[in-house]
Amino acid sequence: MHRQLEAQILEDLAGKMVFLAGPRQVGKTTVARNVLAQREGRYFNYDQRDDRKDILSARWPEKPGLLVLDELHKFRDWKRFIKGEFDTRKN
């Protein structure tokens with residue numbers, strides 16, 4: 001099941017943001033990390049202090065690539081923040 005989902009995510013990433021949602025402990029982080037392993041990019045976890053600082057400061061890698069933002073729902077205004085970042089980083 002994960003492989004099928006990962007293939008669909010990779011296809012969708014060609015032109016849009018992809019959000020993974022679901023109950024705890026169903027494999028969302030595993031799927032996200034597996035997708036990232038097939039692309040250039042960086043994993044950020046909002047629960048980790050250094051990653052949280054980078055996210056809130058919009059300190060992204062200079063090289064274009066996939067950004068995985070895990071546990072971002074814990075950031076109160078995450079939807080507006082992500083839309084703004086996506087709109088300014090599109091390439």
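Which residue in β2 is the bridge partner of Asn 45? It is Asp 70. I start there and work outwards. One caution before that: this is a predicted model.

The strands come first. β1 covers residues 41-45 and β2 covers residues 66-70. The two pair in the parallel sense, over five bridges. Besides the pair of Asn 45 and Asp 70, there is the one made by Gly 41, whose bridge partner in β2 is Leu 66.

Look at β2 on its own for a moment. Its covered face holds Leu 66, Val 68 and Asp 70. Its uncovered face holds Leu 67 and Leu 69. Please keep those names, as several of them return when I get to the pocket.

Now the connection. Helix α3, residues 49-56, joins with β1 and β2 to make a β-α-β unit, and that unit is right-handed.

Which residues of α3 are buried? They are Asp 51, Asp 54 and Ile 55. Viewed down the axis of α3, these buried residues fall within an arc of 100°, so they line one face of the helix. The general background is that an α-helix has 3.6 residues a turn, so residues three or four places apart point the same way. The buried residues of α3 pack against β1, β2 and α4, which is residues 78-89. On the face turned away from that buried side, α3 carries the exposed residues Arg 49 and Asp 50.

Two residues of α3 deserve a closer look. The first is Asp 54, which is found in this helix. Is Asp 54 buried or exposed? Its relative accessibility is 15%, and the cut-off for buried is under 20%, so Asp 54 counts as buried. Leaving aside neighbours within four places in sequence, Asp 54 is in contact with Arg 42, Phe 44 and Arg 59.

The second is Lys 53, also in α3. Lys 53 has a relative accessible area of 47%, which makes it partly exposed. From Lys 53 to Gly 15 the C-alpha to C-alpha distance is 27 Å, and the two are 38 residues apart in sequence.

After α3 comes Ala 58, with a positive phi near 55°. As background, most residues other than glycine have a negative phi. Ala 58 has its positive value although it is not a glycine. Ala 58 sits in the loop between α3 and β2. With 29% relative accessibility, Ala 58 counts as partly exposed.

There is another case like this. Gln 25 is not a glycine either, and its phi is positive, about 65°. Where is Gln 25? It is in the loop between α1 and α2. Gln 25 has a relative accessible area of 73%, so it is exposed.

That loop brings us to helix α2, residues 28-37. Its buried residues are Val 31, Ala 32, Val 35 and Leu 36. They cover an arc of only 135° around the axis, and this puts them on the same side of α2. What covers them includes α1, residues 2-12, along with β1 and β2. So both strands turn up again: they are among the elements that cover the buried residues of α2, and the buried residues of α3 pack against them as well.

One more residue from α2 is Thr 29. It is partly exposed, with a relative accessible area of 28%. Not counting residues up to four places away in sequence, Thr 29 touches Tyr 43 and Asp 70. Asp 70 is the residue from my opening question, the bridge partner of Asn 45. Thr 29 and Glu 71 are 42 residues apart in sequence, while their C-alpha atoms are 9.1 Å apart in space.

Last, the largest pocket. Its volume is about 1400 Å³. How many residues line it? The number is 40, and those nearest the centre are Val 18, Phe 19, Leu 67, Val 68 and Leu 69. Of these, Leu 67 and Leu 69 belong to the uncovered face of β2, and Val 68 to the covered one. As for the elements, α2, β2 and α4 each supply at least two residues of the lining.

To recap: β1 and β2 pair in the parallel sense, α3 completes a right-handed β-α-β unit with them, and β2 also contributes to the lining of the largest pocket. That is what I have for today.

Conventions
Residues are numbered from 1 along each chain as its sequence is written. This is a predicted model: local features need pLDDT of at least 70, side-chain atom pairs count only at pLDDT 80 or more; totals for chains, interfaces and linings use all residues. Side-chain values use heavy atoms; hydrogens and water are left out. Buried means under 20% relative accessible area, exposed over 50%, partly exposed in between (1.4 Å probe, protein chains only). Helices (H or I, at least four residues) and strands (E, at least two) are DSSP runs, numbered from the N terminus. The arc is that of the directions from the helix axis to the C-beta atoms. Contact means heavy atoms within 4.5 Å. Two strands pair if DSSP finds at least two bridges between them. A crossover is right-handed if, with the strands pointing away from the viewer, the path from the first strand over the helix to the second runs clockwise. On a 1 Å grid over the protein atoms alone, a cavity is a set of points where a 1.4 Å probe fits but cannot get out, and a pocket is an open set with protein on both sides within 12 Å along at least five of seven lines; lining residues have an atom within 4 Å of a point. Grid points are joined across faces, edges and corners, and a volume is the space filled by probe spheres set on the points.
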